[in-house]
Structures are given as structure tokens and as C-alpha cells.
Amino acid sequence: MRLLLITYATILTLGISALLTGIHYLANIAGFISAIGFLLIFFKDRPDIETELEIKMRRYWYTVFATGLFFSLIFGSFWNNHMGNMA
């Protein structure tokens, strides 16, 4: 749970910093962290029988990473002056 909260705080900090400073690279970093996290969680080998806690924690991770991708899309890519060029 501690790692989940640290990751969520990092993604929120990067997203809000991108909003306040206008530096879209920060939101893109949050999106990168989220994309890698989605890959790790989604493709992780899971046991055949999962406990309720494991299912709940996986959903929490999905929520955290979806927040990071949202910040990346809204504050990173859409506010970028040169879509795709990042310059």
C-alpha cells in the first residue's frame, strides 16, 4: 500500500506541477511512468485463485496509472505547442 501511495503522490505531483508551471514534459513523465506501470500490472503472472485483497489492489493500481495517463494527455500532449515534436 505504501508503494501505491508513493507512486500516486509522484504522479499527482508531476501532473499538478505541469499544470502550474506549463512545463508539459512533467506530465509526459507521469504518463511514461503510468504506461510502464500498466504494462507491469497487466502482464504480470497472476495465480489462478486471487484473494479479494489482490483484486482490490490491482484495481487501485489501474486507477493510479489511469490518472497518470489522463494527466499526460491533458497537460502534456494537448497543451504542447507542437504536437508530437515536444519542442
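Let me start with one residue, threonine 7: leaving out residues up to four places away in sequence, threonine 7 touches Trp61, Val64 and Phe65. Hello everyone, by the way. What you have in front of you is a predicted model, and I'd like to build it up from that one threonine.

So where does threonine 7 sit? Threonine 7 lies in helix α1. And is threonine 7 buried or exposed? Its relative accessibility is 14%, and because the cut-off for buried is under 20%, threonine 7 counts as buried.

Now step back to the whole protein. There are three helices and zero strands, and from the N terminus on the elements run α-α-α. Of the 87 residues in the protein, 30% are buried. If you take the contacts with a separation of 6 or more, 71% of them join residues 24 or more positions apart.

A word on confidence. The average pLDDT for the protein is 87, and 89% of the residues score at least 70. Among the elements, helix α1, residues 2-21, has the highest mean pLDDT, at 93, and helix α3, residues 52-77, has the lowest, at 91.

Back to the partners of our threonine. Two packed helices are described by the angle between their axes and the distance between the axes. For α1 and α3, the angle is about 15° and the axes are 10 Å apart. Angles under 35 degrees count as roughly parallel, so α1 and α3 are roughly parallel to each other. α1 passes α3 in a left-handed crossing.

Which residues of α1 meet α3? On the α1 side they include Leu3, Leu4, Thr7, Tyr8 and Ile11, and on the α3 side they include Met57, Tyr60, Trp61, Val64 and Phe65. Further names on that list are Gly15, Ala18 and Leu19 in α1, and Gly68, Phe71 and Phe75 in α3.

Leucine 4 is a nice one to click on. Not counting residues up to four places away in sequence, leucine 4 touches Met57, Tyr60, Trp61 and Val64. Let's follow the first name there across to the other helix. Methionine 57 is found in helix α3, and with a relative accessibility of 18%, methionine 57 counts as buried. Leaving aside neighbours within four places in sequence, methionine 57 is in contact with Met1 and Leu4. Methionine 57 and methionine 1 are 56 residues apart along the chain, with their C-alpha atoms separated by 8.0 Å.

Now for helix α2. How do α1 and α2 cross? Their axes come within 7 Å and cross at roughly 155°. Because angles over 145 degrees count as roughly antiparallel, α1 is roughly antiparallel to α2. The crossing of α1 and α2 is left-handed. The α1 residues that meet α2 are Thr10, Ile11, Leu14, Ser17, Ala18 and Thr21, and their partners in α2 are Leu26, Ala27, Ile29, Ala30, Ile33 and Ser34. Keep an eye on Ile11 and Ala18: both are listed as meeting α2, and both are listed as meeting α3.

That leaves the last pair. α2 and α3 pack at an angle of about 150°, with their axes 7 Å apart. That angle makes α2 roughly antiparallel to α3, and α2 passes α3 in a left-handed crossing.

Finally, the core. How many residues does the largest nonpolar core have? The answer is 13, and those with the most contacts inside it are Leu4, Ile11, Trp61, Val64, Phe65 and Phe75. Helices α1, α2, which spans 24-42, and α3 each supply at least two residues of this core. The largest share, six residues, comes from α3.

And that closes the loop with our opening residue: the three contacts of threonine 7, Trp61, Val64 and Phe65, are among the residues with the most contacts inside that core. Thanks for listening, and do turn the model around yourselves.

Terms used
Residues are numbered from 1 along each chain as its sequence is written. This is a predicted model: local features need pLDDT of at least 70, side-chain atom pairs count only at pLDDT 80 or more; totals for chains, interfaces and linings use all residues. Side-chain values use heavy atoms; hydrogens and water are left out. pLDDT is the predictor's confidence in each residue, from 0 to 100. Helices (H or I, at least four residues) and strands (E, at least two) are DSSP runs, numbered from the N terminus. A nonpolar core is a set of buried Ala, Val, Leu, Ile, Met, Phe, Trp, Tyr and Cys residues joined through side-chain atoms within 4.5 Å. Buried means under 20% relative accessible area, exposed over 50%, partly exposed in between (1.4 Å probe, protein chains only). Contact means heavy atoms within 4.5 Å. Axes are lines fitted to C-alpha atoms, for helices over the stretch in contact, and angles run from 0 to 180 degrees between N-to-C directions. Angles under 35 degrees count as roughly parallel, over 145 as roughly antiparallel, 65 to 115 as roughly perpendicular and the rest as oblique. A crossing is left-handed if the near helix is turned anticlockwise from the far one by less than a right angle, and right-handed if clockwise.
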